[in-house]
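Here are my notes on the model, point by point. Have it open next to you while you read.

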Amino acid sequence: MKHKKLGLLISFIVLAGLLLAACGSNGDDEESESESLDSNIVTIATGGASGPYNIIATTLADIYTNTYDVNSRTQTTGASAENLNLMAEEKVEMAFVMSDALSQALNGEASFSEPLEGISQIANLYPNVVQIVARADAGIETIEDLAGKRVAVGDQGSGVELNARALLEGHDISYDDLQADYLGYAEAADGLSSGRIDAAFLTSGLPNASLLELSETTDINLVTIDADNITEIAEEHPYFIDFEIPAGTYGNEEAVPTAAVPNALVVRSDFSEEDVYKLTKTFFESLDTLSNSHQAAEDISIENAQEGLIAPLHPGAEKYFNEQ
């Protein structure tokens, strides 16, 4: 009788153990499922190799890969305009873009012959600062002085080039009034260093790596844009704000007045709500790591993420913000 009871007790213990193991297995499955995405690929379109877009996005792609075991990588591009076209063509899943280019893409303006569809916004990011730099011997102090000069205006169709054109036109300067050269960050810095160009637009977060390196080897000065002029230009292009490049950023003794355009993180609208929720959550929970990769990310915050949105907020991002 005792042996029979002992056998029943052992059987009960074994059964209980199996049940606990099953529960544990289900928990592991749920945890595993929570750390995966519906999509297998998250390609992030960026910009020039030395720009903040590329540096921050490369770090973000690594985080996504390690967190979700997904194939996440960056694609170096001509920046905003190209990124938006790639997204509309479903060739990338996410992108860093400037708000001016995003506005023009959604409205079918400037270099966009028709409105682009299928693009949603995750958040507003840090301000993209218009940094006009000139060789110290070029006699260029203000944006009006660019007339008649050799000026790099960014890659053709890029966000840099789009806002360069708008700011020049706002000062009654067209490309016919200067020698425009379509150069990215690194190429523009090389052109300034060699003397092939007199000035360049390098619109990005602060500091720009190419400009920082240039400032250590070449005598340069930062070109000013009057705040009152920016206010007037913003009546037609509301994404422009006045901004100051802090003293000491590139060895400049005083703060330099200029313009800025907020950056935006966008995603394909057909991405699932749950995927975008996870991508948004991980993005904001990784701000310390992203800031370590480039200090421009220090100006990204949840508090400002929904201010001045240009594209519709993706439901997945909205779900995350509603939880905060």
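1. A word on naming: helices (H or I, at least four residues) and strands (E, at least two) are DSSP runs, numbered from the N terminus. With that in hand, look at the loop between α2 (52-68) and β2 (71-75), where you'll find Asp69. Its phi is positive, near 50°, and Asp69 is not a glycine.

2. The ground rules, quickly. This is a predicted model, so local features need pLDDT of at least 70 and side-chain atom pairs count only at pLDDT 80 or more, while totals for chains, interfaces and linings use all residues. Residues are numbered from 1 along each chain as its sequence is written, and side-chain values use heavy atoms, with hydrogens and water left out.

3. Back to the positive phi values. On burial I use three classes: buried is under 20% relative accessible area, exposed is over 50%, and partly exposed is in between (1.4 Å probe, protein chains only). Asp69 is exposed, at a relative accessible area of 73%. Ala110 also has a positive phi, about 55°, without being a glycine. You'll find Ala110 in the loop between α4 (99-107) and β4, and with a relative accessible area of 60% Ala110 is exposed. Glu90, just after α3, takes a positive phi of about 60°.

4. While you're checking backbone geometry, have a look at the peptide bond between Leu206 and Pro207: it is cis, with omega about -10°. Pro207 sits in the loop between β8 and α7 (209-215).

5. How covered is strand β4 (residues 119-129)? Eleven of its eleven residues are buried. β4 runs antiparallel to strand β11 (residues 256-268), and eight bridges join the two; for strands to count as paired, DSSP has to find at least two bridges between them. If you want one pair to click on, take Asn124, whose bridge partner in β11 is Ala264.

6. Helix α3 (residues 80-88) has a list of buried residues: Ser80, Ala81, Asn83, Leu84, Leu86 and Met87.

7. Now the salt bridges, of which the structure holds eight. The criterion is a side-chain nitrogen of Lys or Arg within 4 Å of a carboxyl oxygen of Asp or Glu. Arg150 and Asp198 make one of them, at 2.9 Å from N to O. Arg150 is in strand β6 (residues 150-152) and Asp198 in the loop between α6 (185-194) and β8 (199-201), so this pair ties together parts that are 48 residues apart in sequence. Asp198 is buried at 12% relative accessibility, whereas Arg150 is partly exposed at 29%.

8. Where does the Arg165 and Glu161 pair sit? The two are four residues apart in helix α5 (residues 159-170), which puts about one helical turn between them. Their side chains meet in a salt bridge of 2.8 Å, N to O. Glu161 is buried, at 3% relative accessibility, and Arg165 is partly exposed, at 32%.

9. Two further sets of charges deserve a glance. Glu89 forms a salt bridge with Lys91, with the closest N and O atoms 3.3 Å apart. Here Glu89 is partly exposed at 47% and Lys91 is exposed at 54%. Separately, salt bridges link Glu93, Arg268 and Asp270 in a network.

10. Which residues form the negative surface patch? They are Glu144, Asp172, Asp226, Asp228, Glu232, Glu235, Asp242 and Glu244. Two elements, α8 (227-233) and β10 (241-245), each give two or more residues to the patch. Patch residues have over 30% relative accessible area and no salt bridge; like charges are joined within 9 Å, and nonpolar side chains (Val, Leu, Ile, Met, Phe, Trp, Tyr) within 5 Å. Glu232 is found in helix α8, and at 56% relative accessibility Glu232 counts as exposed.

11. Last, a contrast between sequence and space. Ala297 and Pro127 are 170 residues apart in sequence, yet 9.7 Å apart from C-alpha to C-alpha. Ala297 belongs to the loop between α10 (287-293) and α11 (315-323), and Ala297 is buried, with a relative accessible area of 1%.

Notes:
Accessible areas come from the Shrake-Rupley method with a 1.4 Å probe; for residues, only the protein chains shown count as cover. Lys and Arg count as positive and Asp and Glu as negative; His and the chain ends are not counted. The place of a charge is taken as NZ of Lys, CZ of Arg, CG of Asp or CD of Glu.
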